[in-house]
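Please look over the structure below with its interior in mind. The report that accompanies it is written for a reader at the bench.

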Amino acid sequence: MNPIFDASAAPFDRLSLEEAELLRAALDVAYFRPAETIIAEGAAPEGLYIIVKGCVEERAQGELVGLLGPKDFFDSRALVQGAGVSAFITREETICALAPRSDMLRLINSNPRFGAFFYIDISRKLDAMAQQDESAQIETMMRARVRDLFLLPAAVIDSVQSIASAGRIMRDIDCNALLVKNGERMGIVTGMNLSKAVVLKGMTIDEPVGAIAQYDMVTVAPDDFVSQALLMMTKHNKRRLVVKEGENFVGILEDINLLSFFAGNSQLVVGRIDRAATLQELGAAAAQIAEQIRPLRRQGVKFEVVAEIVSDLNRRLFAKLFDLLCPQELRDKCCLIVMGSEGRGEQTIRTDQDNGLILSEPVDATALQKFRDEFSGALADFGFPPCPGHVMVNNPLWSRTLDEYVADFGVWVMAPDEQSAMNVAIFCDAAAVAGDESLLTRAKKILFEKLSHERVFLGRFAKAIEVFEPPIGLFNRLKLAEGDGDALDLKKGGIFPIVHGVRSLAVEQGLEETNTFARLAKLAELGLLKAEFSRDLARALDYLQTLRLDAQLDAAASGSLLRPGELTSMDRELLRDSFQVVKQLRDLLRHHFNLNMF
C-alpha cells in the first residue's frame with residue numbers, strides 16, 4: 001500500500017488501474033505548520049487534499065464542525081463548485097497529498113462512479129451508482145446454480161399405469177408433471193397432456209399414461225448455471241427441464257420457477273391467497289410470501305419496493321384469515337388492524353405479530369374470545385411468532401371497543417411513562433386490513449385531536465430519538481457497538497431515529513400516512529421539511545434498511561448488527577453519509593420540539 005496514496009480506499013477504488021496510475025503521477029506532497037490555513041472559507045482550492053499525517057479542523061463561520069485525520073480528504077464540495085463554505089486549518093503538523101483540481105475534474109467527468117462520490121448529497125451518490133450496480137447484480141444472478149432454484153419433485157410413474165392414476169398422483173403431491181418410466185426410456189407427462197388426451201383425443205382415463213408421455217425431455221445438472229438452464233429452455237423450446245445428477249433424477253425445473261428466481265412470483269402468491277378455502281391452503285400461501293424477498297433483492301429492487309410488496313401480501317393474508325375465521329355477527333362490528341413495521345408497510349423479514357381489533361360495540365364474549373384465539377394461533381402456525389409485548393388480537397388491551405380505546409387515549413397522553421408513549425407510537429402506525437375501516441379512522445382522529453394540544457407530551461414522545469446515538473464520531477469514523485465485536489447496530493443508530501423522528505413530526509401534524517417514506521413526502525409537501533432534506537432522509541433510510549435486509553438474508557436472522565469491515569469502501573462512505581443525515585434530523589428535532597426541556 002502506498003503511504004501517500006491508497007488506491008484501494010474510497011473513492012479511489014472506483015478508478016481503473018490506468019486512471020489510478022495517472023492520478024498517482026499527478027500528486028504533489030505539501031507540508032503545513034500548526035494553525036496554518038490550507039483552504040480559506042469561500043476560497044477556490046488548488047485541488048483535493050488527502051491527509052497523510054496530522055489533523056485538520058473544518059470550520060464554518062469560525063465554529064468547529066469536524067476533525068479530519070489520515071486518509072480523510074477535503075474539500076470535495078469546493079473542488080466541484082469552485083469555492084467552499086468551510087475553512088480547513090491544521091491543528092498540528094500535517095502532511096497532505098494534493099491531487100490537482102484539473103486532473104480531479106477530468107476524472108470526475110469521465111468516470112461517473114468516481115464522480116458520484118463528490119456529489120453533495122447521498123441521494124445523488126446512490127442514484128449515480130444504481131446503473132452500474134444493476135449490471136453487476138444481473139451477472140451474479142446468471143452465475144447462480146440450478147440447485148439454488150425451486151424444483152418440483154421428481155416423482156416417477158410406470159408407463160403401464162393409467163391416465164387416472166397419473167392425475168391422482170399429481171393431485172396428491174401438488175405437482176403438474178411426472179416422470180414416466182417405460183423400460184429403459186424415461187419420459188415426462190404433464191397435467192395438460194392428460195387433459196388433451198381425454199378431451200381432444202377421446203382417450204379414456206383407464207388407458208396407459210406411457211402412450212401420451214414425451215420422451216424427448218431435456219436434462220440439466222444441479223451444478224449447471226442458471227444461464228445454461230435458460231439457454232436450454234430457449235434452444236429446445238421447453239417449459240420444463242429435468243434435473244439429473246449422475247443416474248439420479250432430483251427434480252423438475254419449470255419455466256415459471258426459473259423466471260421467479262429473477263423477478264419473484266408475488267402475483268402467483270396473491271392468487272393462492274385469494275383461492276385459499278382452508279387454513280391449510282392459506283398456510284401454504286403464507287410460506288411463499290417470505291420466498292419473494294430473496295429474488296427481489298437479487299435483481300436489485302430497493303428496500304422500499306420490497307417492503308411494499310411483502311406488506312401487501314401479508315395484509316392480503318391477514319384479510320383472508322379474517323374472512324375464514326371471523327363469525328358473521330362480528331365482522332360488521334369490528335376492524336382488524338396491523339401495527340408496528342407491518343402497519344407502516346416496512347416489514348420484510350418476518351418478525352412477531354403486531355395486530356389488534358377495534359369493535360364498534362360490545363359483542364358476545366364467547367364468540368369474540370374464540371376468534372381472538374383462533375386468529376392469533378393461526379398466524380403463529382403460519383410462522384408469525386407471538387409478540388413479546390403481547391400487541392396481538394388475543395390480548396384484550398388491543399382487542400376492544402372504540403370507546404374503550406378512546407378512554408385510554410387520555411391516560412396515554414397524560415402519563416409520563418415510556419409505555420404510554422410506546423402505545424401512542426404503536427397506534428399511530430396502525431393500518432386497517434379488514435372489517436369496518438371507519439373505526440380506525442375515527443379512533444385516530446380522536447387521538448390526534450388530543451395530541452394537538454399536548455406540546456409537553458409531543459416533546460417527551462420525540463425525545464426517544466436521543467436514546468441511541470448515531471454510530472459516528474470524530475474524523476467521521478464509524479463507532480462500533482460495545483460488546484458486539486467489530487459491529488454496529490443499524491436499527492438503533494440509524495433506522496429507529498429516522499422512523500421515530502419522522503413519526504413524531506407526522507403525529508404532531510395529525511397525518512393519515514403511516515409509511516415513513518409517505519410521511520416524509522407529505523412533510524416536504526407541507527413545507528415542514530426542505531424537499532432536499534426529505535429526499536436525503538428517504539434515501540438514507542432506504543440504504544440503511546437495504547443493508548440490514550441483506551445482512552439478514554445472509555445470516556438468515558432478524559438482527560440488525562452490521563460489520564462495516566465487510567463492506568466495500570464506497571458502502572462504508574455511504575454509511576457515514578447516512579448517519580450524518582441522521583445527526584441532522586436529530587438536531588432539527590431538538591430545536592423543533594425544544595428537547596432540552598426534558
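What follows describes the overall make-up of the protein, then its cavities, and then its aromatic pairs.

**Overall make-up**

The model is a predicted one, and its secondary structure comprises 24 helices and 20 strands. Of the 598 residues in the protein, 50% are buried. When contacts with a separation of 6 or more are considered, 69% of them join residues that lie 24 or more positions apart. The surface that the protein exposes amounts to about 28,000 Å², of which carbon and sulfur atoms supply 51%.

**Cavities**

How many cavities of 30 Å³ or more does a search of the whole structure find? The search finds two, and the table sets out the volume and the classes of lining residues for each.

| Cavity | Volume | Lining residues by class |
|---|---|---|
| Largest | about 60 Å³ | four nonpolar, three polar, three charged |
| Second largest | about 50 Å³ | four nonpolar, three polar, one charged |

The lining of the largest cavity is made up of Phe318, Val338, Glu342, Gln347, Asp352, Gln353, Asp354, Asn355, Leu379 and Phe384. Around the second largest cavity, the lining residues are Ile289, Ala290, Ile293, Val310, Asn314, Gln347, Thr348 and Arg350. Gln347 therefore appears in both linings, a residue counted as polar under the classes used here.

**Aromatic pairs**

Across the whole structure, a search finds 16 aromatic pairs. One of them is formed by Phe12 and Phe73, whose rings lie 6.2 Å apart centre to centre with 65° between the planes, an edge-to-face arrangement. This pair links distant parts of the chain, since Phe12 belongs to the segment before α1 (17–26) and Phe73 to strand β6 (residues 73–74), with their positions 61 residues apart. Phe12 and Phe73 are both buried.

Phe32 and Tyr49 form another edge-to-face pair, with 6.2 Å centre to centre and 65° between the planes. Here, too, distant parts of the chain are linked, with Phe32 in strand β1 (residues 28–32) and Tyr49 in strand β3 (residues 47–53), 17 residues apart. Are Phe32 and Tyr49 buried or exposed? Phe32 is buried, and Tyr49 is buried as well.

Further along the chain, ring pairs join Trp398, Tyr405, Phe409, Trp412 and Phe427 into a cluster.

Technical notes:
Residues are numbered from 1 along each chain as its sequence is written. This is a predicted model: local features need pLDDT of at least 70, side-chain atom pairs count only at pLDDT 80 or more; totals for chains, interfaces and linings use all residues. Side-chain values use heavy atoms; hydrogens and water are left out. Helices (H or I, at least four residues) and strands (E, at least two) are DSSP runs, numbered from the N terminus. Buried means under 20% relative accessible area, exposed over 50%, partly exposed in between (1.4 Å probe, protein chains only). Contact means heavy atoms within 4.5 Å. Accessible areas come from the Shrake-Rupley method with a 1.4 Å probe; for residues, only the protein chains shown count as cover. On a 1 Å grid over the protein atoms alone, a cavity is a set of points where a 1.4 Å probe fits but cannot get out, and a pocket is an open set with protein on both sides within 12 Å along at least five of seven lines; lining residues have an atom within 4 Å of a point. Grid points are joined across faces, edges and corners, and a volume is the space filled by probe spheres set on the points. Rings of Phe, Tyr and Trp (its six-membered ring) pair if their centres lie within 6.5 Å; planes under 30 degrees apart count as stacked, over 60 as edge-to-face and the rest as tilted.
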